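I sat down with a structure that was new to me and kept a short notebook. Come along and look over my shoulder.

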Amino acid sequence: MRRALFHAERALGATVPNPMVGAVVVDRAGVVVGQGFHERAGQPHAEVVALDAAGPRAHGATLYVTLEPCCHVGRTGPCTKRILAAGISRVVAATLDPFPRVSGQGVRELREAGVVVEIGLEEAAARRLNAAYLMVQERQRPFVVLKAATTRDGRIAAMRDQPTAISGAAAARRTQRLRASVDGIAVGAGTVCADDPRLTARDVVRARPLTRVVFDRALVTSPRARVYDSAAGGPAIVVADPAAMVAYPERVERFAQAGADVVPAATPDAAVRALLARGVHTLLVEGGAALHRSFWEAELVDRLHLIVAPARLGGAAVPLFDGLAVPWSRLSRVTSVPCGPDMWMDADVHWDR
Ligand SMILES: NC(=O)c1ccc[n+]([C@@H]2O[C@H](COP(=O)([O-])OP(=O)(O)OC[C@H]3O[C@@H](n4cnc5c(N)ncnc54)[C@H](OP(=O)(O)O)[C@@H]3O)[C@@H](O)[C@H]2O)c1
């Protein structure tokens, strides 16, 4: 199953709206006779790739797969039929697929046909890998990742309206890889005014366009800011207060002329659901302090990446969550690795739901 998970992850960022799935076929002698993964939506499912590779050696073999096999016709055919046709005698799936047209029915169909089915091997790892897919299926909202560079005293900038270099070159490269794996990047209006970021994924391979999002309630950012330059690789969206859109139609028009779509949303929750409707299944929030706080207070942060630099900026500088106490008790699976002169810390965030 770990090998199947390894294969699944090879398609990181490329399968949306589908999950990442890997599969391995092991014959009765314990020999791997086929393996593969789902490369992107519309391409064959992992089970089919692995079974094709195995050919007749799949007869009587065990199929390890990171997600319950599908039993419906989508853009490709049902995997359950293909598994039965190949003569697989046992299927081990890491976790069930909550997608309503599968959701336990894939397992039932295989069992009714006499295949032994086991569920739950490496389930936590499989659910973590497909956290965004599961979030969309189970809670109908995108998976939200918050990333920030902070000093040792938890500051993200020296002053609100000025850019401050905090992390080093190694963290910048790793940030580009993180950006390559998500569907959208969001910042607040303050960050656009202070830093004028492009929010593109550079020097990395990206399979799909990247949506750039600015939370700009009152439409105060300049339509000439670099983020609205759509030629750079994906749509640009401004999330605005519906009342501001009515009050300032000329501002809405200027953004439209700059190629940006203005989307009305009064709360972060409404905003992320509107972004999901535009294909953003994983949203990376990249600052600043006010937007961090607002997402945190809305309980919309699911994973946290903190780059901690060996510097201090002092109490007058801009704090990570805009004055909110850092809620460490909400974090689990905390890991931290050196990244050039900085530490790169990852954590999952848990809310009491
Ligand atoms: N170190 C890092 O990783 C990092 C990353 C990014 C930015 N920064 C730094 O952070 C500073 C900017 O932070 P900031 O707090 O001033 O600005 P910000 O969080 O980038 O933007 C805040 C602005 O966004 C608007 N906004 C729209 N929707 C919002 C919502 N749902 N929640 C909160 N705000 C919303 C606010 O509008 P209203 O005025 O109507 O409230 C406010 O004007 C800059 O100095 C920048 O360099 C550091």
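**Entry 1: overall size**

I began with the protein chain as a whole: its radius of gyration is 23 Å, and since a compact globule of 353 residues would have one near 20 Å, the two agree. That radius is taken over C-alpha atoms, and the globule rule is 2.2 Å times the number of residues to the power 0.38. Along its principal axes, the C-alpha trace spans about 65 × 45 × 40 Å.

I noted that this is a predicted model, in which local features need pLDDT of at least 70 and side-chain atom pairs count only at pLDDT 80 or more, while totals for chains, interfaces and linings use all residues. Residues are numbered from 1 along each chain as its sequence is written.

I then looked up the secondary structure and found 12 helices and 16 strands. Both are DSSP runs numbered from the N terminus: helices are H or I with at least four residues, strands are E with at least two.

**Entry 2: two domains**

Where are the domain bounds? The assignment for the protein chain gives domain 1 (2-131) and domain 2 (141-349); such bounds come from an automatic or database domain assignment. I read 35 Å between the C-alpha centres of domain 1 and domain 2.

At the place where they touch, 7 residues of domain 1 are in contact with 9 residues of domain 2. Contact here asks for C-beta atoms, placed from the backbone, within 7 Å. The domain 1 side of this meeting holds 5 nonpolar, 1 polar and 1 charged residues. For these classes, Ala, Val, Leu, Ile, Met, Phe, Trp, Tyr, Cys and Pro are nonpolar, Asp, Glu, Lys and Arg are charged, and the others, Gly among them, are polar.

**Entry 3: the sheet of 5 strands**

I followed an open sheet of 5 strands in the order 2-1-3-4-5, with mixed pairing. Two strands pair if DSSP finds at least two bridges between them. Strand 2 (32-37) and strand 5 (116-119) are its edge strands, each pairing on one side only. Neighbouring strands of this sheet are turned by 15° against each other on average, direction ignored.

Helix 1 (residues 2-9) packs on the sheet, touching strand 1 (22-26), strand 2 and strand 3, and its direction makes about 145° with that of strand 1. Helix 2 (residues 46-54) lies across strand 1, strand 2 and strand 3, at about 150° to strand 2. For these angles, axes are lines fitted to C-alpha atoms, for helices over the stretch in contact, and values run from 0 to 180 degrees between N-to-C directions.

How do strand 1 and strand 3 pair, parallel or antiparallel? They pair in the antiparallel sense over 4 bridges, and I picked out Val25 with its partner Leu63 in strand 3. Strand 3 (residues 62-65) and strand 4 (residues 90-93) run parallel, joined by 4 bridges. There I found Val65 with Ala93 as its bridge partner, and Tyr64 opposite Val92.

**Entry 4: the sheet of 9 strands**

Another open sheet has 9 strands in the order 11-10-9-8-12-6-13-16-15, again with mixed pairing. Strand 11 (260-264) and strand 15 (331-339) stand at the edges with a single partner strand each, so one side of each has no neighbour in the sheet. The twist averages 20° from one strand to the next.

Strand 15 and strand 16 (residues 342-349) run antiparallel and share 7 bridges. One pair I located is Leu331 with Val349 in strand 16.

**Entry 5: around the ligand**

Which residues are closest to the ligand? They are Gly188, Gly190, Gly287, Gly288 and Ser294, out of 30 that surround the ligand. A residue is near a molecule if its C-beta atom, placed from the backbone, lies within 6 Å of it.

The elements that each supply at least two residues of this shell are strand 6 (143-151), strand 7 (155-157), strand 8 (184-188), helix 8 (189-195) and helix 12 (289-297). The largest share, 5 residues, comes from helix 8. By class, the shell divides into 16 nonpolar, 8 polar and 6 charged residues.

**Entry 6: backbone details**

Most residues other than glycine have a negative phi, and most peptide bonds are trans. With that in mind, I noted a cis peptide bond between Gly287 and Gly288, with omega about -5°. Gly288 sits in the loop between strand 12 (282-285) and helix 12.

The bond from Val16 to Pro17 is also cis, with omega near 10°, and Pro17 lies in the loop between helix 1 and strand 1. Finally, Glu299 is not a glycine, yet has a positive phi of about 55°. I found Glu299 in the loop between helix 12 and strand 13 (303-309).

Terms used
Contact = placed C-beta atoms within 7 Å.
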